[in-house]
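Hi,

Here is the structure I promised to pass on. Please open it alongside this email.

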Amino acid sequence: MIRLAKNIKINKNLNKLASNYTINNNNLSKSIILNSRNNGTNKDINVKSFTTSTSTSTTNKPNQTYVFKDLNIFKNVKRGKEGDIIHGFKVVRIRDVPERQFKTYRLEHIETGAKYLHIDCEDTNNVFSVTFKTIPKDSTGVAHILEHTTLCGSEKYPVRDPFFNMLKRSLNTYMNAWTAPDHTSYPFGTQDPKDFYNLLSVYLDATFFPLLKESDFRQEGHRLEFEQLDQPESLLKFKGIVFNEMKGALSDPSSFYAEVAQQHLYPGTTYAHNSGGEPNEIPNLTYEQLKDFHAKHYHPSNSYFFSYGDLNFLDHLKFIQENSLSKFKKDNLINTNVGKVDRWTEPKRLHFKCPPSAMDINPERKYKFSISILHKENKDLFESLTMHMLSNLLLRGSNTPMYQSLLESGLVLDYSPNTGFDDNLLESSFSVGGIGIKKEDLELVEKTIIQTLEKSAEEGFSRQVIESILHQYEFAQKDVSASFGLKLVGALASSWIHGNDPVDPLFLNESIAHLRQELDKSPFFENKIKELLANPHRLYITMENDENLQKEDTEKEMEKLKQIRSKLSESQTNEIVEMAKDLQNRQNQQQDVAVLPKINICDIEKQQPKVPHHDTTLGSTPLRILDLPTNGISYFRSTIDISSLSPELKPYVPLFCSLIDEMGAGEFDHKQLDTEMNLYIGKFSVSPLITIGHSDLNHTQERIYIKGACLNENLVKMFSLLQKVLLENKWKNPDLLKNLIGQKQASLVEGIPSSGLSYAKTLSSSKFTRAGELSEQWNGLTHVKLINDIVSKNDMDSLISKLLQINEFILDRSLMKCLITTEGNNVANYTEKLNDFMKVFSYKNTEMVVNTKKPVDPTNDSRFNFFPIPATVNYISKTLQSVPYTHQDSAPIQILTKVLSEYLHKEIREKGGAYGGGVSADGGIISFYSYRDPNLDKTLNAFNQSIHWSLNNNITTETIENAQLSIFSDFDSPESPSNKGVGEWMRDITDEMKQTRRNNLLSINKPKLEEISKNYLLENNNNYVTVLGSKDSSDLNKFNIKQITV
């Protein structure tokens, strides 16, 4: 996985949560997994949370394979003291972090100088990471390709792909690797102690002792290959997983812009290069250069170990010493100097062209512009906090000066991707800019940015606005997260590798107290802005959408290949053919994975953990109470049934939800409301919600979902603000509404290339059920079209009328149900305040109905739909109908999808060069998919071949167990107190249903899976294929080619 230049993407509402449109049909508590080297598509770890989850049983069972067999290693409770020498490490510093209830240990390995940080806490989701400072000197992607290749086999585990195999042999809560601009990290998480050491063994051997075979370099990085492997007369092509990954990543205009901006702000440093690799430079990397980069960077003297959780880290130290560090001596010659920028004495201006958006909705607004200022070296935690605060004060929310002068004025349609403060590199930067700018307005945008900074430096910010942002920081400190340890891996590494104390950022409360003292003494933030304005190291970047850019790049690539081909001798041609055959033969070889450690299936907990709850009513409104340790926070959830809402209004529900807290309410205009909500509410969102019947796919619940969270002492304020938002909303503001819709349109259109697979899946899945149909309407290309239509018609009065009708409809207590999560000593108070809140809503006794899917129009029902987008790779989805949650075949279908994904990984990723692909079962839909895929027909054939493979005696006990482990690592993943029991409440899932599903998942056999494959896949011709991809794709004969309409 590559972490490009940070696409900061300002969230204009500090407390707005990401919307959820559907609840996963199979895994109620979690719907994620990994990214990078996994078949999933998420770019980052799932935001879940920790402390009270029941950990997996660790009872030793027969036929189990473990790195550790002696369970006594987990009984050592001593942690050491400063100055102690423990397993070759010296304890450098021990610090308590009271606000997080952590004890931190910093150590250094005596022989090699390796750094180690352990955070000791009560979290059972134990995390480990090893990070290397990696400093590329060009844009060949050497660090990124090395990240992939190290995970393709090692000395102790000489199998082709130990990383992907361990995904199926463990109960991990997270496994990944990523390449940042100046470091590479290899993190994992698990709740099982023995699984922790299994994964630790694989990760250590992969990073310090990889095989780095040339065939793996060619598979993961790049290679020359004929389109038909053994036919030299066919087209010569560049292939490789990273090569195609970066083509996909840089097809996204936002990623492209952020990357270019970073490279030119940091000339003469490693940041002037793309650590992920530029597709036109990746083929220049040689195998020898890859090995040399590993030798120079992947050494203990350049390593940073991190562990977190409740396991005794002294055992980690022993394991790391014995299995890795004892084999090395200190290397004083390692040079990982990033290089500081030679500061400019005057600003610089650059003009570039970038890939176009997926739709030319505003042909006159095709420019992006930003001003970036190189700030200071990242040494001071307080400086970082204050600059992040300043960024929020200037940019986030409608009550900020830059938002008003740029977005609310209509000069730009959205912020530029690099807008905000970035302290992830050696030297920090601050940027402000916009997208969707008219050519004639470019000079005015630049002038406006400077004038807004100057005005803010003179006028400053109200203390109330400052306190509202500080409240968000303080709330975040108390909000418990299941993935906190994993978040720390990335958050701490970027500072740690440059010599800073990685524990300092954990003391946020001290920095906030210091800030309040400074605010009382001087015009603090005003002086910070003056510093920025006085800084001459300023980069002005203008970027213009160019419809021909990708075509020109493709032509250059073809010309380069043509020149290479013209110079090939007969022996070189034969060598390309033979190497391609050799790689294919290696990919086809059956691996002996018995050498890899494994958690056995009998180690999975047989009993489904239960979340205790109490069901009651407030009046006639159903209420569920969850008494859980929430660290002084009250969580509120409510659903409002909208099944009987007029069909003409239904398409506007997502827009209603996204705008409801942006228009102003009660005595507050939209700017004041933004401040009030940030001051008293920690989290707030309103979103459309579709839930699918657990026993009937035709039973779809259509609802609006309200989520809020606040500190216990702010309950009255939270409910007061919610009342104003729901009952006294200021919808009748056409100018503001028009501006907000324009912003949403720009954001949607700009994000289409990066969301290609999501749109493809949503459209393909819409053909079977009411839930799928509505999901497409609310979250698919149909929604994009609706927004475009609203903008083009510019009839705000009509839109306001619709929004008012939706608002009036939901003020009906007979359509509501509620859930609260809090500690026992706050339940009575919380219930009383909720009851007061609910009294203002009337009972209208509106009927709740079950809507059915509209009949498919056979004249407009192509089974193969292709949407051209500005990308050089494809996003492919093929869907078939499945069964509901409680159906006896639901569990085996889910197992089968994991089994098939194992086959498709090899065919689509390893052989085909796509970034990922597989098959999933969710929401009554079976979905085959691939993403960042250079192929089309070849991938569709692989989908079909996987079905025949499953029926040809290829399913084994081992593949079934692998699938079960993969599912249960998800099924039993840790949850925060705020999320526990929520999915079950939404869909009326009982403990008995979950236990039955658990039993079914654990009792799968080969004949059953073959029966499932035959009945649901082989003999099911009712399937749909949707592709978003390159308009230059071949194999389009059977497709109905459609445009993403404006």
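Below are my notes on one sheet and two helices.

Please keep in mind that this is a predicted model.

The sheet comes first. It is open and has 6 strands. Their order is β18-β19-β23-β20-β22-β21, with mixed pairing. At the edges sit β18 (614-618) and β21 (683-692), and each of them pairs on one side only. From one strand to the next, the twist averages 20°.

Look next at β19 (residues 621-627) and β23 (residues 816-822). They pair in the parallel sense, over 5 bridges. To find the register, start at L623: C818 in β23 stands opposite.

Which helix packs on this sheet? That is α26, residues 827-838. Helix α26 touches β18, β19, β20 (633-641) and β23. Its direction makes about 155° with that of β23.

Now go to helix α6, residues 253-265. The helix has 13 residues. From first C-alpha to last, α6 reaches 18 Å, close to the 18 Å expected at 1.5 Å a residue.

Is α6 mostly covered or mostly exposed? Covered: 12 of its 13 residues are buried. Among them are P253, F256, Y257, V260 and L265. The buried set also includes E259, Q262 and Q263.

What do these buried residues pack against? Three of the partners are strands and helices you can pick out by number, including α5 (241-249), β12 (348-354) and α21 (734-750). Strands β13 (367-377), β16 (427-437) and β17 (538-545) are partners too.

Best wishes

Definitions and conventions:
Residues numbered from 1 in each chain as written. Predicted model: local features only at pLDDT ≥ 70, side-chain atom pairs only at ≥ 80, totals over all residues. Heavy atoms only, no water. Pairing = 2+ DSSP bridges. Helix = DSSP H or I, 4+ residues; strand = E, 2+ residues; numbered from the N terminus. Axes fitted to C-alpha atoms, helices over the stretch in contact; angles between N-to-C directions. Contact = heavy atoms within 4.5 Å. Expected span 1.5 Å × (residues − 1). Buried < 20%, exposed > 50% of the residue type's maximum accessible area, 1.4 Å probe, protein only.
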